[in-house]
Each structure stands twice: as C-alpha cells, then as structure tokens.
Amino acid sequence: MSQWSESRPDDDFYRVLAPDGTITADPPDLSEDVLRRQYRTMRLSRRYDEKTRSLQRRGEISILSGSIGEEAIPIGSAAALEPDDWCFLTYRQTPAMLYWGASLERSIAGLMGAEPETIDEHLPLDDEDAPPVNFPPVYVPLAANVTNAVGSAMADRFGDTDAVTLSYIGDGSTSQGDFYEALNFAGVFDAPAVTICHNNQWAISVPAHRQTAAETFAQKAEAAGVPHERIDGNDVLAVYEGTRRAVERAREGDGPTLIECVTYRVDDHNTADDADAYRDDSQQEYWAERDPIDRFEAYLRSEGILDDETVESIGEEIDRRVEEAVDRAREVPDSDPQRIFDNHLKTTSWNERHQREELRAELEGENPFTDFTGEGL
Amino acid sequence: MSAQDYPESETSEINLVTAVRETLAQEMRRDESVRLLGYDMGPIGGVFRATENLYEEFGEERVIDTPLSENGILGTAAGMAMRGQRVVPEIQFLGFFYPAFGQFMYTISKMHERSGGEIDMPLTVRIPYGGGIKSSEYHSESTEALFIHTPGVRVVCPSTPAETKGLLAASIRSDDPVMFLEPKSIYRVGTEAVPEEEYTLSLDDARIVREGSDITVLTWGAMVRHAVTAADRVDADVEIVDVRTLSPLPVEAILDSVKKTGRCVVFHEARRTLGLGAELSALINEYALDRLHAPIKRATGYDVHFPGHQTEEAYLPDEQRAVDAIEAVMSYEF
Ligand SMILES: Cc1ncc(C[n+]2csc(CCOP(=O)(O)OP(=O)(O)O)c2C)c(N)n1
C-alpha cells in the first residue's frame with residue numbers, strides 16, 4: 001500500500017524543513033523564544049494526548065480523539081494569530097489552544113465529563129489567564145464551525161476591526177455542504193477568514209480519495225473564488241509561514257484563504273476506533289520518519305536553539321505540568337445533576353422549575369410524579 | 001403481536017446489532033436492488049459494526065462507502081430510490097442527522113405526495129439513537145419527535161433482536177420511506193432466540209410486551225426493558241405496550257389498552273415537551289378520557305440538551321423513574 005490515501009500522491013507543496021530537519025526554503029522570521037514556544041507546545045500536546053489516552057483506558061475519560069503526529073498544523077497556524085483574533089476549533093486542535101496558554105486542567109476536567117459550569121466554579125480563570133486569542137467551545141458536529149467562523153470574520157469586517165478568524169476542518173469534513181457554503185460566503189463578503197484543512201488522509205475509515213475526485217483539497221476553494229495553498233502539514237515552520245501570509249492578507253482587507261495542510265493520521269481516529277481494521281501499517285514507517293516534532297527538534301538543534309539539556313528539561317517540566325493538571329482536574333467534584341438545567345435560556349419557566357423539582361425529588365428518593373394540580377410537589 | 005407472530009423455525013441466539021446485520025444480509029440476498037449507503041460502512045462495517053462483512057460479501061456497489069456528507073447521502077439515496085433501487089442509508093448517530101434535514105424535508109418526506117402518488121421512496125434510513133453509552137456531545141440524541149412531526153415518513157423503533165429482524169425486513173420491503181431508529185445502548189445488551197427464517201412484522205401495530213389490567217405503560221426502544229423490570233416491582237398489574245411504530249401511531253392498540261386499564265404512563269427517553277408522550281397523552285384525552293381513573297403521567301427525559309457523560313444518568317429515565325410514575329398514577333382516583 002502506498003504512503004498516501006490521496007489521489008495525488010506527491011510532496012508538491014510548500015515546505016521549509018525537509019523531513020530530516022534541514023532547510024529547503026527561507027525560514028520565517030521568528031525569535032528564538034517563539035521557536036522554543038512552538039517546540040515546547042508540540043511536546044506538551046503530545047504528552048497531553050498520551051496522558052489523556054491512558055486516563056481514557058482507566059475509565060476516567062469517555063471517548064477521545066488526539067492530535068499525535070499532527071501537532072504542527074494547529075500549533076504552526078495558531079502561532080500566526082495575534083491577540084483578539086478568533087479561532088474556531090474541532091475536536092482535533094487542542095494544541096492551538098495550548099499554544100495560547102489555555103488551561104490544561106480545564107481541558108482535562110472537560111474530558112472527564114464535568115459540565116462547563118462546574119469547571120468554571122472549581123477551576124476559575126482570571127482574566128489574565130484567559131488565552132488572548134478567542135476560542136469558542138470546541139465543535140463536534142463537523143463543518144459547522146467553518147460557517148460560524150466566516151460569520152465571525154464578517155462581523156469583524158463590518159465592524160472595521162482588523163481581527164482575523166481562523167477555523168479548522170478535516171479532509172473528510174470538506175465533503176459537507178457547510179464547508180462549501182462557508183467558503184462561498186467568505187469569497188462573496190471578502191471575509192477575513194482563514195480556513196485550514198487538516199488533510200490527514202482519513203476520516204475514520206474512509207480514505208481521502210473517497211472524499212473527493214479533485215486533485216487536492218486546496219483547490220476546492222477555486223469555485224468560491226478564494227485563494228488557496230497546499231502546505232506540508234508536518235513542517236511547523238511552513239504551516240506557520242503559510243498561515244501568516246494568509247492572516248496578513250486577511251488583516252489588510254484582502255479576504256479569505258483556504259490552506260490544505262497535508263499530513264497523516266498515524267493514530268486511530270479515536271479511542272473507539274481500530275485503524276488496523278482498514279489499513280496496513282506499511283505507511284506508519286514512512287510517516288514516523290516525518291514526525292513533526294523530531295523534524296523541528298533536529299532543525300532547532302542545528303541552529304543551536306536546543307541542546308540535550310534544554311530538550312530534557314522541557315520534557316521534565318512538561319511531565320510535571322501534565323501530572324499537576326490531572327491532579328487538579330481530578331479534584332473537581334462530579335457535576336451536580338441540577339447543572340443539566342443551567343444556561344438554556346436567560347429566564348426561567350414553569351417547566352424548568354418544575355423539572356428541577358422533579359429531579360431533586362427523584363435524587364432524594366421521593367416520588368417526583370405526585371403533582372396533580374400544577375402547583376408543585 | 002408477541003412471540004406468536006414470529007415464525008416457528010430454527011432460531012439462533014443473537015443480540016440486536018447482529019439482528020440488524022443478518023437482516024440486512026438477508027434482504028440484500030433476496031433483492032438485488034437493496035443497496036446500503038453511508039460512510040465507514042466498508043472495511044470496518046460501520047462504527048457499531050452493524051454492517052460488518054457485508055462489504056466483503058456484496059461489494060462496493062451494494063455497500064457504498066460515501067463521502068462524509070449526511071445531506072449528500074440522503075439526497076443521493078432519494079435519487080436512487082426514485083429510480084427503482086431499495087436504498088438503506090445509514091446515519092452514524094442521530095445527532096449527525098441534522099445536516100440532512102434539507103433532503104429529509106424537501107424530497108424524502110414529500111416526493112410521493114407531490115407526485116400525486118406516482119413516485120415511491122423505498123428507503124430505510126438506519127440511525128443509532130439514544131443515550132446510555134457515555135459518549136460525547138451529539139452522540140446521544142433522542143429527537144425522534146422531529147421525524148414524527150413530519151408527514152410522509154414512517155418512524156420505526158425496535159426494542160429486541162427478534163423485533164429488529166421483523167421490523168427491519170418490513171421497513172426495507174416497504175415502499176414508504178422509513179426512519180429506522182436503533183436503540184444503540186442495547187445493541188449488545190443480551191441475546192434472544194431469533195427465528196432464522198425470513199419474517200416481517202406489521203408496521204402498523206404495537207406489541208403487547210406483557211398483559212395487565214391496572215395500568216398501561218406506553219414505551220419504545222431502550223426504555224422497554226426498564227418498563228418490564230419496573231412492572232415486576234410495583235403493586236399493580238401492569239400492561240406494557242411497545243409502541244414500536246412511532247409514526248403512523250398504532251392508535252387502536254394504544255386506545256384498546258388504555259380503555260381496558262383506565263390508567264396510563266408514557267415512558268420515553270426523549271425530552272418531555274412535545275415529545276411523543278405529549279401526543280399520546282392528547283390522543284387518550286380525546287378518545288378515552290371517560291375511561292380514565294387518573295391523569296396520564298409522562299416519565300421522560302428533561303427539557304434540556306442531552307447532558308455530558310457525568311450527568312447523563314440523572315437525565316435518563318430508568319426503572320426507578322418508571323416505578324415512581326406507575327405508583328403515582330396508581331395512587332390517584334378521580
Ligand atoms: C455532522 C457530523 N457527522 C458525523 C460526525 C461523526 N464523526 C466525527 S469525526 C468523523 C470523521 C472526520 O474526519 P475528517 O473530517 O477527515 O477529520 P479528522 O478526524 O480525520 O481530523 C466523523 C464521521 C460528526 N462529528 N459530525
């Protein structure tokens with residue numbers, strides 16, 4: 001089996017770092033601090049994924065999708081944003097939030113099933129701890145985020161601010177109508193919206209060539225009149241630089257861009273999936289050699305930005321932070337069942353009050369069905 | 001409408017998801033125009049393995065792995081159905097049906113009527129639904145009322161392996177579009193002896209799960225089994241009616257039971273307001289009010305978004321909620 005599930009099996013894309021970490025194009029102009037922060041977040045994300053997966057196996061978390069092997073995409077692209085920009089994630093881009101300093105403990109408590117109100121109460125965030133880039137809640141329904149992101153970008157255009165909205169979609173999800181509709185609106189309204197397609201070549205078990213007969217996912221923007229680009233998704237510097245150019249154009253009023261980042265989902269789709277059932281692992285080796293963290297680390301070492309000592313101390317610091325975050329998340333008590341009634345509407349209603357009372361009665365071992373007059377239990 | 005409706009033949013002990021798979025295979029063997037359509041249906045046989053091995057047996061033009069697009073799946077399925085195919089699209093989870101509402105409303109439910117009865121839509125949309133598997137957002141929806149509220153489609157919901165076989169076969173052979181809701185939390189909970197021979201069950205009749213004289217419990221899907229264990233616990237002779245064909249409703253069977261017992265509890269997993277319980281209660285009010293000894297109670301989910309996995313247990317109706325509702329209704333006398 002080839003290394004590619006796409007119909008266009010080649011590396012014809014923008015790349016800065018070769019798989020061995022040597023330079024193939026001008027690297028972006030980034031400070032050592034920012035480079036180290038990108039590297040550190042990549043390591044942190046991977047550790048976070050490994051840890052949350054082990055929590056899932058122990059039954060502390062239900063179902064889970066990770067970013068292993070794909071960290072360069074959310075991190076490289078989110079690093080091209082600036083404070084006050086907006087970023088609409090699906091379940092696979094937690095690393096983008098981590099890059100902007102999102103709370104690990106809050107993410108883990110969320111995976112443990114705590115209601116958002118419970119998390120707010122037990123792991124409150126000071127304003128200065130909130131990520132400076134705006135992250136609406138993660139989206140589970142596929143492609144809905146992209147249309148919302150374009151609307152967000154339109155709001156900024158109408159409001160004459162210079163904020164940009166970034167959103168992510170998987171290769172499979174580009175088959176949804178919402179995706180085309182979003183790009184079309186973005187084009188028509190010149191929205192400052194950058195859409196990143198994570199082409200990891202699989203949507204659960206369906207390979208990329210079953211999603212489209214087009215040569216590339218990037219060219220799906222063609223019909224909407226939206227500029228597009230194809231980038232090596234395992235090269236954090238290329239993802240950064242490509243996104244930076246698109247963000248800059250958007251900020252200057254030159255409209256939307258679709259960027260396809262080509263990568264590979266080296267892992268199962270989620271913890272309920274078993275990729276061995278639909279693909280052989282001859283691809284794994286090819287992609288292991290292209291691991292985005294190894295590649296970036298080799299580059300940073302060659303530039304003298306990292307050495308054994310810093311690599312090791314970053315590893316230790318990350319292990320410690322992740323363990324601490326898990327401990328804190330575990331301290332969050334299980335959500336009070338009454339939370340299920342919170343935050344539906346801004347006012348209460350007879351039904352809400354009545355049903356809260358029914359649930360209370362049920363939990364206290366009383367019979368909740370004894371109101372025969374509508375006057376309460 | 002109970003076991004006596006099943007043919008007397010060799011049986012095999014299977015669970016509900018296996019009944020789905022075997023019925024699909026049976027119908028595909030007997031009718032070449034039956035095609036399955038959806039994503040992840042190929043080599044892995046669906047995320048619940050409901051179509052496992054069918055791709056190998058029938059090939060990629062009968063078990064069609066599609067792009068990831070619910071509206072596309074339903075729209076192309078409708079087009080195929082209009083052209084003589086008997087199509088069985090799969091939607092991975094009820095919570096991901098919503099992008100397909102356009103095709104559902106515009107063509108699937110309406111084509112037969114708007115063509116003056118000329119065009120049939122023989123398609124059966126299989127959808128795993130309901131909570132109880134501690135999954136993430138939109139994986140636990142029980143919004144069957146949205147389908148029931150739409151004219152021009154049948155809504156069917158089995159509650160056991162043997163029921164699944166007969167109802168799914170009948171749905172696939174029906175020339176009406178059918179929304180076939182599979183209670184996924186009991187896909188693998190328990191097996192029963194299911195006749196190996198082909199059989200169909202009526203799409204216009206309820207199933208009397210257990211006869212009783214004091215009170216009727218109207219229920220369906222994964223809740224049926226909680227009603228059964230609840231009935232054993234209460235001090236009343238409970239009749240349980242598995243409504244099973246949620247649209248059109250098996251009204252005679254429902255009214256017959258309630259007129260006989262004079263009391264009723266509706267027990268469903270969906271949120272309460274405008275859930276099917278509201279219709280059932282209204283129906284009984286219109287046609288059997290003078291036979292009632294007590295108000296009808298609805299033991300249901302709450303009017304909230306389906307909650308996260310830490311709180312889903314508090315949301316979901318269970319045996320205790322059924323017991324409480326039955327006891328409350330039994331305690332009242334007009
Ligand atoms: C509208 C909708 N349909 C189905 C699903 C179930 N689902 C979740 S992830 C997934 C595959 C997504 O594949 P892709 O878009 O390629 O993204 P990847 O997971 O590979 O990053 C599916 C089918 C969903 N979440 N939303």
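Me: Where does the ligand lie with respect to chains A and B?

Reply: The ligand sits between the two chains, A and B. Bear in mind that this is a predicted model.

Me: How many residues surround the ligand, and which are the closest?

Reply: The ligand is surrounded by 21 residues. The closest are A:Tyr91, A:Arg92, A:Ser173 and A:Trp202 from chain A, with B:Glu70 from chain B. Sorted by class, the shell holds 11 nonpolar, seven polar and three charged residues.

Me: Which polar backbone atoms should I look at around the ligand, starting with A:Trp202?

Reply: A pair of N or O atoms counts as a polar contact when the two are within 3.5 Å. A polar backbone atom of A:Trp202 is 2.7 Å from an oxygen atom of the ligand. Two other cases involve ligand nitrogen: a backbone N or O atom of A:Val140 lies 2.8 Å from a nitrogen atom of the ligand, and a polar backbone atom of A:Leu142 is 3.1 Å from a nitrogen atom of the ligand. As for cover, the ligand taken alone exposes 590 Å², and the protein buries 96% of that.

Me: Now a strand. Which residues of S3(A) lie on one side and which on the other?

Reply: Take strand S3 of chain A, residues 193-199, where seven of seven residues are buried. One side carries A:Ala193, A:Thr195, A:Cys197 and A:Asn199, and the other carries A:Val194, A:Ile196 and A:His198. Both faces are covered.

Me: How many bridges join strand S2 of chain A to S3(A)?

Reply: There are six bridges between S2(A), residues 165-170, and S3(A), and the two strands run parallel. As an example of a pair, A:Thr165 has A:Ala193 in S3(A) as its bridge partner.

Me: What are the pairings of S2(B), starting with the one to strand S4 of chain B?

Reply: S2(B), residues 34-38, pairs with S4(B), residues 86-89, in the parallel sense over four bridges. There, B:Val34 is bridged to B:Arg86. S2(B) also pairs with S3(B), residues 63-65, in the parallel sense over three bridges, and B:Gly38 stands opposite B:Asp65 in S3(B). Of the five residues of S2(B), four are buried.

Me: How should I read a helix, and what does H7(B) reach from its first C-alpha to its last?

Reply: An α-helix has 3.6 residues a turn, so residues three or four places apart point the same way. Helix H7 of chain B, residues 161-173, has 13 residues and reaches 18 Å, close to the 18 Å expected at 1.5 Å a residue. H7(B) is mostly covered, with 12 of its 13 residues buried; among them are B:Glu163 and B:Lys165.

Me: Which residues of H12(B) are buried?

Reply: The buried residues of H12(B) are B:Arg321, B:Ala322, B:Val323, B:Asp324, B:Ala325, B:Ile326, B:Ala328 and B:Val329. This helix, residues 319-330 of chain B, has 12 residues and reaches 16 Å from its first C-alpha to its last, close to the 16 Å expected.

Me: What about backbone angles: what is the phi of B:Lys134?

Reply: Most residues other than glycine have a negative phi, and most peptide bonds are trans. B:Lys134 has a phi near 45°, a positive value in a residue other than glycine. B:Lys134 is in the loop between strand S5 (124-129) and helix H6 (144-148) of chain B, and is partly exposed, with a relative accessible area of 36%.

Me: Is B:Arg244 buried or exposed?

Reply: B:Arg244 is buried, since its relative accessible area is 1% and the cut-off for buried is under 20%. Its phi is positive too, near 50°. B:Arg244 is found in the loop between strand S11 (238-242) and S12 of chain B.

Me: Which two residues does a cis peptide bond join?

Reply: The bond joins B:Ser247 and B:Pro248, with omega about -10°. B:Pro248 is in the loop between strand S12 (245-247) and helix H9 (251-261) of chain B.

Me: How do I read separation along the chain against distance in space, and what separates the C-alpha atoms of A:Gly187 and A:Pro256?

Reply: Compare the two numbers for each pair. A:Gly187 and A:Pro256 are 69 residues apart along the chain, and their C-alpha atoms are separated by 6.5 Å. A:Gly187 lies in helix H7 (residues 177-188) of chain A and is partly exposed, at 23% relative accessible area. For A:Pro337 and A:Arg58, 279 residues apart along the chain, the C-alpha separation is 23 Å.

Key:
Residues are numbered from 1 along each chain as its sequence is written. Chains are lettered from A and ligands numbered from 1 in the order in which they are written. This is a predicted model: local features need pLDDT of at least 70, side-chain atom pairs count only at pLDDT 80 or more; totals for chains, interfaces and linings use all residues. Side-chain values use heavy atoms; hydrogens and water are left out. The expected span of a helix is 1.5 Å times one less than its number of residues. Buried means under 20% relative accessible area, exposed over 50%, partly exposed in between (1.4 Å probe, protein chains only). A residue is near a molecule or strand if one of its heavy atoms lies within 4 Å of it. A polar contact is a pair of N or O atoms within 3.5 Å; within protein, one must be able to donate a hydrogen and the other to accept it, and residues adjacent in sequence count only if both atoms are side-chain atoms. Accessible areas come from the Shrake-Rupley method with a 1.4 Å probe; for residues, only the protein chains shown count as cover. Ala, Val, Leu, Ile, Met, Phe, Trp, Tyr, Cys and Pro count as nonpolar, Asp, Glu, Lys and Arg as charged, and the others, Gly among them, as polar. Two strands pair if DSSP finds at least two bridges between them.
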